[in-house]
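Ready to practise reading a protein model? Work through the exercises below with the structure open beside you, and try each task before you read its solution.

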Amino acid sequence: MSPSMGYYGDTAMKKIQGGGVCGGYDVPDGVDIRGRYDEEFAKILTKDALIFVAGLQREFRNHVKYAMECRKDAKMRYNSGGLPGFDPATKYIRDGDWMCAEVPPAVADRRVEITGPVERKMIINALNSGAKVFMADFEDALSPTWENLMKGQVNLKDAVNGTISFHDKARNKEYKLNDQIAKLFVRPRGWHLPESHIFIDGEPAIGCLVDFGLYFHHNHAAFRKSQGQGYGPFFYLPKMENSREARIWNNVFERAEKMVGIEKGSIRATVLIETLPAVFQMDEILYELRDHSVGLNCGRWDYIFSYVKTFQAHPDRLLPDRVLVGMGQHFMRSYSDLLIRTCHRRGVHAMGGMAAQIPIRDDPEANQAALELVKKDKLREVRAGHDGTWAAHPGLIPAIMEVFTNNMGNSPNLIKTMKREDAAGLTEEDLLQIPRGVRTIEGLRLNTRVGIQYVAAWLTGTGSVPLYNLMEDAATAEISRVQNWQWLKYGVELDGDGLGVRVNPELFGKVVEEEMARIEREVGRPKFMKGMYKEACKIFTRQCTTLVLDDFLTLNAYNHIVVHHPRGSSKL
């Protein structure tokens, strides 16, 4: 359908009129809900809300399909020996002196942001945490089961209305919002993920349009009054690879604003630069979203995953142990520096990366050492010019806030004071430099242990998992998976052990067996037998040993958590 046609277009309008009852839900024509019926969910899946989501799907689905085909074309180029780089055709955008729209006063100060899934207790604790922003996540920190997604929408609606509360029966404790709370951003899923519990015109809905559409439809008016000071809602946008995908989001925003009658530029979004191709299109991405942008963020864990995925056919670009691929690596530091320079040149925030550490309650010494590492990382970020940063746990917020405040003073951000013109000379070679470091059997073991445990949790509905004193989400599991795959494919030598052992299927099989035994010891036999560790092991092992690398762990495993209910059934 032509983007120039009306919101629904003539054909779409005919499809939307009418409708009926589907599985207990009152749906417009062409919409089929296959998830469980629940009275609370029905308050989200109203006919008007579904008309809104279906309209977005019908207008933009062909654009999204084309964007996904373009990803495949780029992958073929990289797999044939090509490298990502700056596009000569858009040099005029990179060289231009344009600016993004002015940052709304409500989100001028973002020095510490906390992230987490859209679970009820998490939302309350995060909004009360003392952070400036809470990013509520439908993406990497959430397992996208029907229950999680719909309860998440209910929770966010209650949060925006200020009525959210939670009674913890185990602790006999009541949770509710403080008077002073963080600003709410919402991260929908990436363009590539479907929502297979909702079909529109016979095909699964686009996951991010469901997440965005339902949230926006129900909350835009209340949010602009309570949180946005006339702006909003606010979003984080994940997994984009180029400005074409940013243009789709911009068009979605404009269409949504027009449909509900709010000013163009009300919706604001920060884009995560978490794919290698996107780092060469940062100016172009901001340009496409210039009326709706509030900056870019260093999604550094996914960025490392993307480095491996982009260079899956390049045996000269093998990663060392994942614990060695930090911001000290030249390609990572270059990415951060260029992001800061690009954002500040265009008048928007340059957000730093995630501190995934969680408090080590039973070892004060180890806890203090971990906290010192976090503070060192955050000091590097603020001195480089980042306007704010991410934390995974409320316990880190005071220390991180202190680091940023001590180095920013009374200024809400560093947009005008840290231009980083020294980063203007960064080249494609800087951004692609091969990371240095050794590979060890312990690196292979850690990848395997973390990957299997994460998948096991994800299959049972948990997308944010504490493992070995870090809060792991899909991004860190992805690094584990693709690194194992890369090492197996090229039979790398584990040169950090002094043994000269090469990674092969036999060694990997032995590691999997031994790590499964270790997981069972660590979690205990009852939990191990009750959990989905064996199923997770099969999925993770297959993804590590497949001839052709799967694009996303979550996309491949998604069918394991889709549950279709017969129409009219409300039973779990």
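A residue is called buried when its relative accessible area is under 20%, exposed when it is over 50%, and partly exposed in between. With that in hand, arginine 380 counts as partly exposed, because its relative accessible area is 27%. Please keep in mind that this is a predicted model.

**Exercise 1. How far can the model be trusted?**

Task: Find the mean pLDDT of the protein, and say what share of its residues reach 70 or more.

Solution:
- Step 1. The mean pLDDT is 94, and 95% of the residues reach 70 or more.
- Step 2. Now look for the weak stretches. Over residues 1–17 the pLDDT is below 50, and this stretch has 38 contacts in the model beyond near neighbours in sequence.
- Step 3. Residues 568–572 also stay under 50, with 10 contacts beyond four places in sequence.
- Step 4. Where pLDDT is low, the predicted coordinates should not be read in detail.

**Exercise 2. A salt bridge across the chain**

Task: Which parts of the chain does the pair of aspartate 201 and arginine 58 tie together?

Solution:
- Step 1. Side chains of opposite charge can pair when their charged atoms come close.
- Step 2. Here the side chains of aspartate 201 and arginine 58 meet in a salt bridge, at 2.7 Å from N to O.
- Step 3. Aspartate 201 sits in the loop between strand 9 (194–200) and strand 10 (203–206), and arginine 58 is in helix 3 (residues 47–79), so the bridge ties together parts 143 residues apart in sequence.
- Step 4. Check the surroundings of each partner. Aspartate 201 is partly exposed, because its relative accessibility is 27%, while arginine 58, at 4%, is buried.

**Exercise 3. A second pair, and its network**

Task: Are lysine 239 and aspartate 140 buried or exposed? Which residues share a network of salt bridges with them?

Solution:
- Step 1. Lysine 239 and aspartate 140 form a salt bridge, with 3.0 Å from N to O.
- Step 2. Lysine 239 belongs to the loop between strand 11 (234–237) and helix 8 (243–260), and aspartate 140 to the loop between strand 5 (133–137) and helix 6 (146–161); the two are 99 residues apart.
- Step 3. Both lysine 239 and aspartate 140 are buried.
- Step 4. The network links these two with Asp137, Glu139, Arg187, Glu274 and Asp302.
- Step 5. For the whole model, the count comes to 54 salt bridges.

**Exercise 4. A bridge between two kinds of surroundings**

Task: What is the distance between the closest N and O atoms of arginine 380 and glutamate 381?

Solution:
- Step 1. The closest N and O atoms of this salt bridge are 3.8 Å apart.
- Step 2. Arginine 380 was the residue classed as partly exposed at the start.
- Step 3. Glutamate 381 is buried, because its relative accessibility is 1%.

**Exercise 5. Empty space inside**

Task: How many cavities of 30 Å³ or more are there, and what lines them?

Solution:
- Step 1. Rolling a probe the size of a water molecule over the atoms shows where empty space is left.
- Step 2. The count comes to two cavities of 30 Å³ or more.
- Step 3. The largest has a volume of about 100 Å³. Its lining includes Phe138, Glu139, Asp140, Trp458 and Tyr558, and divides into eight nonpolar, one polar and three charged residues.
- Step 4. The second largest has a volume of about 50 Å³. Among the residues that line this cavity are Glu139, Asp140, His192, Lys239 and Asp302; the lining divides into three nonpolar, two polar and five charged residues.

**Exercise 6. Three residues and their contacts**

Task: Which residues does asparagine 155 contact, leaving aside neighbours within four places in sequence? Then do likewise for glutamine 543 and glycine 388.

Solution:
- Step 1. Asparagine 155 lies in helix 6 and is buried, at 7% relative accessible area. This asparagine is in contact with Val118, Glu119, Arg120, Ile123 and Ile164.
- Step 2. Glutamine 543 is in helix 20 (residues 533–545), buried at 0%. Its contacts are Arg481, Trp485, Asp550, Phe552, Leu553 and Asn556.
- Step 3. Glycine 388 is in strand 15 (residues 388–391) and is buried too, at 0% relative accessibility. This glycine touches Arg110, Arg111, Ala350, Met351, Gly352 and Phe404.

Key
Residues are numbered from 1 along each chain as its sequence is written. This is a predicted model: local features need pLDDT of at least 70, side-chain atom pairs count only at pLDDT 80 or more; totals for chains, interfaces and linings use all residues. Side-chain values use heavy atoms; hydrogens and water are left out. A salt bridge is a side-chain nitrogen of Lys or Arg within 4 Å of a carboxyl oxygen of Asp or Glu. Helices (H or I, at least four residues) and strands (E, at least two) are DSSP runs, numbered from the N terminus. Buried means under 20% relative accessible area, exposed over 50%, partly exposed in between (1.4 Å probe, protein chains only). pLDDT is the predictor's confidence in each residue, from 0 to 100. Contact means heavy atoms within 4.5 Å. On a 1 Å grid over the protein atoms alone, a cavity is a set of points where a 1.4 Å probe fits but cannot get out, and a pocket is an open set with protein on both sides within 12 Å along at least five of seven lines; lining residues have an atom within 4 Å of a point. Grid points are joined across faces, edges and corners, and a volume is the space filled by probe spheres set on the points. Ala, Val, Leu, Ile, Met, Phe, Trp, Tyr, Cys and Pro count as nonpolar, Asp, Glu, Lys and Arg as charged, and the others, Gly among them, as polar.
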